Amino acid sequence: MSDRPTPSPDAMIVLDGVSKRYPGQDKAVVSDLSMEIRRGEFVVLVGPSGCGKTTTLRMINRLVEPTAGRILIDGRDVTHVDGDELRRGIGYVIQQIGLLPHLTIADNIALVPKMLGVAKSERRARALELLELVGLDPALHADRHPRQLSGGQQQRVGVARALASDPPVMLMDEPFGAVDPIAREKLQTEFLRLQERIRKTIVMVTHDMDEALRLGDRIAIFDSGSRLAQFDTPLEILSNPADDFVRDFVGSGAPVRRLSLLTVADVLGTAPSTAAGAGRAIEVDPGDSVHTALEQVLAAGAEGIEVAVPEEGSRFLDLGTLLTAASQPAKVLT
Amino acid sequence: MNLLSYMSENAAYLWFLTRQHIELVLLSVLIASVVGVGLAVLTQTLPGLRRALLSVTGSLLTIPSFALFALAIPVMGLGVAPTIAALTVYGIFPILRNAVTGIEEVDPAAVEAARGLGMSSGRRLRTVILPLAWPVILNGIRTATIMLVATAAIGAVVRGPGLGQLIFQGLDRLGGANALEEALSGVIGVVCVALVLDLLFIAVAKITALRGWNV
């Protein structure tokens, strides 16, 4: 067991030495796992199949009962509270969506409010509001049935349904796995924008590393046997993989992928100054990603970038310096 | 005397027996539905027991109805009670079988999502499983009903109510006055009852499908 450190005050979800072992199996699916997920954080669990990531997710709302350890949500030990009641307070989205085909979209969204005893007119108003929030026209969709909607639209309804009682925590099990790649990217972008507004604590499972890098504030990489190989920001995972397993799992594109996570401001500190005006430069914002800056430089056929730095005036970086700075993993830690 | 004039002369009696027949069948089907659907629900997580129940109720169906009615006599005597008991036994199998199939065919994702939203098992049954299995369950009840309309006629063996009385009385004294007409009007009555009840079930299925069985 873990030595039970006191969770930090901004921890929203705490897994404390959690294990799951099914009777008759000698190996535990999840063994002695401890994790802390902060309030408002978007954490993605990734790993090869069978690594216990989905079991871990399903233990947070106790769809799977842990055999050992404690689970705390917002400081409250929920390991032994009533499971149904606990789940009514946690959003849950699955890959297969699981809308009830015999109910209208509005009734599907209002399922949890209905269980909580919210009045009918209020439930309806809430459902319409949520449809709007996930980008579906309420007038057009509220009274339809799930089969009349496309896969992507159904998944938006699934998200709206999970948000219906405004839960502080959302659990998502490969939510974008069943939609086609083009719709998936659109849904991901939209979901990120939505999360900026609602600031839920989100735990999501995926097997897609690109999705994890795009969406996660932090990524938990699981090795087989639920070993938490690394739990850190996407940039840190790409820059300083904890071990060979993480390096292999991330794959070969790490240096290039990093470019869209690094900002120009990140590399400025490590780059040697070049004299301004040495070549044709493109003006960029310090908050732009290095990827965006490079794109602009290459598109314009320029030789470098020019960045306005508050106290030093403007700085010029030529292409070579920019790339060298961006490829030094250890130095970008902030 | 021809068939039509026999029927018009005895219209009141025929109508009485027809209503009796319908009531007998519907009551038996109701009991069989409660038992059949109930067993299907209770054995949801016990596949072994479920299979056993299906083969037991299925093999009950192979007992010739004449024999089953006769077997009921020593236990329940003559009249309405043994007729209803025997008909219920016959009705359980098609209803149970369809209820099991219907429940098994419910999309597991819908059930899983409902559980993830914090729906209790009773509520999942009411709002997810039974409504989604309903069309298949209803079909089982319909099959049982049509089957029992025919079988109920044999109930006259144990002095059961309904149109069977006409058939058996007529056959008993075949060659006598109006014997054939009596038996034939019993048969025609049974066919009509089956048709009417079948149409009724089609209507129920249509109506419940349109409204989306939402409790």
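Is the crossing of α3(B) and α5(B) left-handed or right-handed? I looked this up before anything else, keeping in mind that the model is predicted. The crossing is left-handed.

**Entry: α3 and α5 of chain B**

I then took the geometry of this pair. Helix α3 of chain B covers residues 47-60. Its axis lies 8 Å from that of α5(B), and the two helices pack at an angle of about 145°. I listed the residues that make the contact. From α3(B) they are B:R50, B:L53, B:L54, B:T57, B:G58 and B:L60. From α5(B) they are B:V89, B:I92, B:F93, B:L96, B:R97 and B:V100. Sorted by character, the residues of this contact come to eight nonpolar, two polar and two charged.

**Entry: α5 and α7 of chain B**

I went on to the packing of α5(B), residues 80-104, with α7(B). Here I noted an angle of about 155° and axes 8 Å apart. Angles over 145 degrees count as roughly antiparallel, so α5(B) is roughly antiparallel to α7(B). The crossing of α5(B) with α7(B) is right-handed. I sorted the residues of this contact as well, and found 15 nonpolar, eight polar and one charged.

**Entry: where chain B touches chain A**

Which helices of chain B each supply at least two residues of the side that touches chain A? I counted the contact before answering: 16 residues of chain B meet 17 residues of chain A. The helices are α6 (108-116) and α7 (121-154) of chain B. α6(B) gives the most to this side, with six residues. By character, the side of chain B that touches chain A holds nine nonpolar, five polar and two charged residues.

**Entry: a sheet in chain A**

I turned to an open sheet of three strands in chain A, with the order β11-β12-β13 and mixed pairing. β11 (281-284) and β13 (313-318) of chain A are the edge strands, each pairing on one side only. Direction ignored, neighbouring strands of this sheet are turned by 30° against each other on average. β12(A), residues 304-309, pairs with β13(A) over six bridges in the antiparallel sense. I checked one residue in particular: A:E306 has A:F316 in β13(A) as its bridge partner.

Which helices pack on the sheet? I found α14 of chain A, residues 290-300, touching β11 and β12 of chain A. Its direction makes about 150° with that of β11(A). I also found α15 of chain A, residues 319-326, touching β12 and β13 of chain A. The direction of α15(A) makes about 85° with that of β13(A).

Key
Residues are numbered from 1 along each chain as its sequence is written. Chains are lettered from A and ligands numbered from 1 in the order in which they are written. This is a predicted model: local features need pLDDT of at least 70, side-chain atom pairs count only at pLDDT 80 or more; totals for chains, interfaces and linings use all residues. Two residues are in contact if their C-beta atoms, placed from the backbone, lie within 7 Å. Helices (H or I, at least four residues) and strands (E, at least two) are DSSP runs, numbered from the N terminus. Ala, Val, Leu, Ile, Met, Phe, Trp, Tyr, Cys and Pro count as nonpolar, Asp, Glu, Lys and Arg as charged, and the others, Gly among them, as polar. Axes are lines fitted to C-alpha atoms, for helices over the stretch in contact, and angles run from 0 to 180 degrees between N-to-C directions. Angles under 35 degrees count as roughly parallel, over 145 as roughly antiparallel, 65 to 115 as roughly perpendicular and the rest as oblique. A crossing is left-handed if the near helix is turned anticlockwise from the far one by less than a right angle, and right-handed if clockwise. Two strands pair if DSSP finds at least two bridges between them.
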